[in-house]
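Please look through the sequence and the model below, and then follow the account from a single residue outward to its surroundings.

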Amino acid sequence: MKDHKIAEGRIQTLKEGDANEEGKYVLYWMQQSQRTHWNHALEYAIARANELDCAVVVGFGLMDDYPEANARHYTFMLEGLKDVGEALSDRKCKFVLRFGHPAEVALELGKDARLIVCDRGYLRHQRAWRSQLADQAECPVIQVESDIVVPVEQASEKQEYAARTIRKKLMGQYQDYLEEPKGGNPQKDGRYLSVSGEPVRNIPKMVEQMSVDHSVPAVSELFKGGQSEAERVFENFLDNHFSDYDEHRNQPQTDDVSHMSKYLHFGHVAPAYLLHRVKEAKHHSKNRESFIEELLVRRELSINYCYYAKEDYDRFKGLPDWALETLEDHKSDERDPSYRLQTLEEAKTDDAYWNAAMMEMKHTGYMHNYMRMYWGKRIIAWAPTPSTAFKWALHLNNKYFLDGRDCNSFANVSWLFGQHDRGWTERPIFGKVRIMKQSGLKRKFKPDQYVEKVEELSGEKINGG
Ligand SMILES: Cc1cc2nc3c(=O)[nH]c(=O)nc-3n(C[C@H](O)[C@H](O)[C@H](O)COP(=O)(O)OP(=O)(O)OC[C@H]3O[C@@H](n4cnc5c(N)ncnc54)[C@H](O)[C@@H]3O)c2cc1C
């Protein structure tokens, strides 16, 4: 760890070489870590710029056709980028947003850079963009991980089977990665460099003019994007809900959860910052342990999955062999009832609890974890085949959830079909894959109260038995 207090395990050189003598600034190409607070890549860029006696430019490439993104996602993201632009100006860094393919925007801005710093992402396209940058940049490229507590290769060198196999590895190391990164104050003011970009002002208008899917509207009145909002929501959780976190983990009629997944997805908040804050809440040990289990163990297991499963993380064939075999054995079992995708999407099944979950997802972009499990398991029961169920669950998940299209989306949808789980008693349709039924809900929590909660949130009556 140097002065910037960033653990070596977070830093990787993607392209070696000496800093470009002709360059005017250090470029931080921001893509995943869309924040200025607890952003290891930004702090690293500032520290390197100070060493090289130059300013920092932060560049962002905004594309219309980001995989599976729609107006809901773009609005939330732009709310965050507006925040970023303002906060960077306070830190004397120039923020440049340009329309275009992210890696190409980075390459264009990189032509005048002494070196390029980038953050890290694990999905197929995010990895491809960074490879393209490393291949084509004319100066060194350094990648700095800021959106995982324990960097993926340090946590484990292989694809893990389950939470139980990665837990010890993460718990043994995570304390080493909780230090706040500090790059110091930039010595050179970058704000007046003449590098052109688009202003982020009127977000609804900006989104309206983009050629994206507008059928899924923004949910800003419920959840607004941005680092300051993320931290406000988290402080509210710590003050008012954290003391019930462990007890209410499986109680979807309550709201004693952090709501951090959407902010984590867009990089509006650093997981290390959240752990650091939770560690300070000393008198809530049971709740703290439970939160660490979710944020550290479960979330980083998902990242381990996407990283090591490589091309298969979003494919049915990426499931474990035992699950594929047992689902295949039961592929021809009768589905009764059986629904079409449209019936599911319109929340018109005969199951009121399931319809409520679908409505919560559509109207708010969120769903409590327990209902996500039930929601997905019933899709397996009702879709014509397991591979169709996989496709439908992932499609709806990524279309409506603000936190969709994340490593957590792919790993958790795969979990529905046996990933990171074990075999259970054999049943129709599911085979040995874990099943969840409506009768089980009533034993665990108060599903009728959950339906009332969603009716209030959506302003619509929920039908079904
Ligand atoms: C079928 C299914 C689909 C899911 N799809 C997504 C998705 O698209 N995006 C997403 O981020 N999460 C997904 N999850 C995981 C989990 O439901 C959400 O992360 C959680 O409900 C988000 O709410 P929260 O931030 O209030 O969680 P909290 O309970 O406050 O948890 C804190 C953080 O821990 C992490 N976390 C919590 N539960 C899990 C879990 N089961 N697996 C991994 N990490 C977890 C999240 O980062 C979360 O923000 C899915 C789960 C299931 C069963």
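In this predicted model, a convenient place to begin is A106, which touches L27, W29, I116 and L133 when residues up to four places away in sequence are not counted. A106 sits in helix α3, which covers residues 102–110. Its relative accessible area is 1%, and since residues under 20% count as buried, A106 is therefore classed as buried.

One of the partners of A106 is I116, and the two residues are 10 residues apart in sequence, with 8.4 Å between their C-alpha atoms in space. Seen from its own side, and again leaving out residues up to four places away in sequence, I116 touches L27, W29, A106, G110, L133, A137, C139, P140, V141 and I142. The residues L27, W29 and L133 thus appear in the list for A106 and also in the list for I116.

From these contacts the view can be widened to the nonpolar cores. In soluble globular proteins, nonpolar side chains tend to be buried together. The largest nonpolar core of this model has 102 residues, and those with the most contacts inside it are L62, Y74, L78, I116 and L133. Helix α2, spanning residues 71–90, supplies the largest share of this core, namely eight residues. Because domain 1 (1–147) and domain 2 (148–182 + 227–308) both give residues to the core, it lies between them. Apart from this core lies another one, of 60 residues, which includes Y305, A383, F390 and F445.

The domain assignment of the chain gives, besides domain 1 (1–147) and domain 2 (148–182 + 227–308), a domain 3 that runs over 314–458. The centres of domain 1 and domain 2, taken over C-alpha atoms, are separated by 24 Å, and 32 residues of domain 1 are in contact with 33 residues of domain 2.

A last stop is a pair of helices. Two packed helices are described by the angle between their axes and the distance between the axes. For helix α14 (residues 352–364) and helix α16 (residues 386–400), the axes come within 8 Å and cross at roughly 40°. What does this crossing make of the pair α14 and α16? The two helices are therefore oblique to each other. On the side of α14 the contact is made by M358, M361 and K362, and on the side of α16 by L396, N397 and Y400. Sorted by character, the residues of this contact of α14 with α16 comprise four nonpolar, one polar and one charged.

Technical notes: Residues are numbered from 1 along each chain as its sequence is written. This is a predicted model: local features need pLDDT of at least 70, side-chain atom pairs count only at pLDDT 80 or more; totals for chains, interfaces and linings use all residues. Side-chain values use heavy atoms; hydrogens and water are left out. Axes are lines fitted to C-alpha atoms, for helices over the stretch in contact, and angles run from 0 to 180 degrees between N-to-C directions. Helices (H or I, at least four residues) and strands (E, at least two) are DSSP runs, numbered from the N terminus. Angles under 35 degrees count as roughly parallel, over 145 as roughly antiparallel, 65 to 115 as roughly perpendicular and the rest as oblique. Contact means heavy atoms within 4.5 Å. Ala, Val, Leu, Ile, Met, Phe, Trp, Tyr, Cys and Pro count as nonpolar, Asp, Glu, Lys and Arg as charged, and the others, Gly among them, as polar. A nonpolar core is a set of buried Ala, Val, Leu, Ile, Met, Phe, Trp, Tyr and Cys residues joined through side-chain atoms within 4.5 Å. Buried means under 20% relative accessible area, exposed over 50%, partly exposed in between (1.4 Å probe, protein chains only). Domain bounds come from an automatic or database domain assignment.
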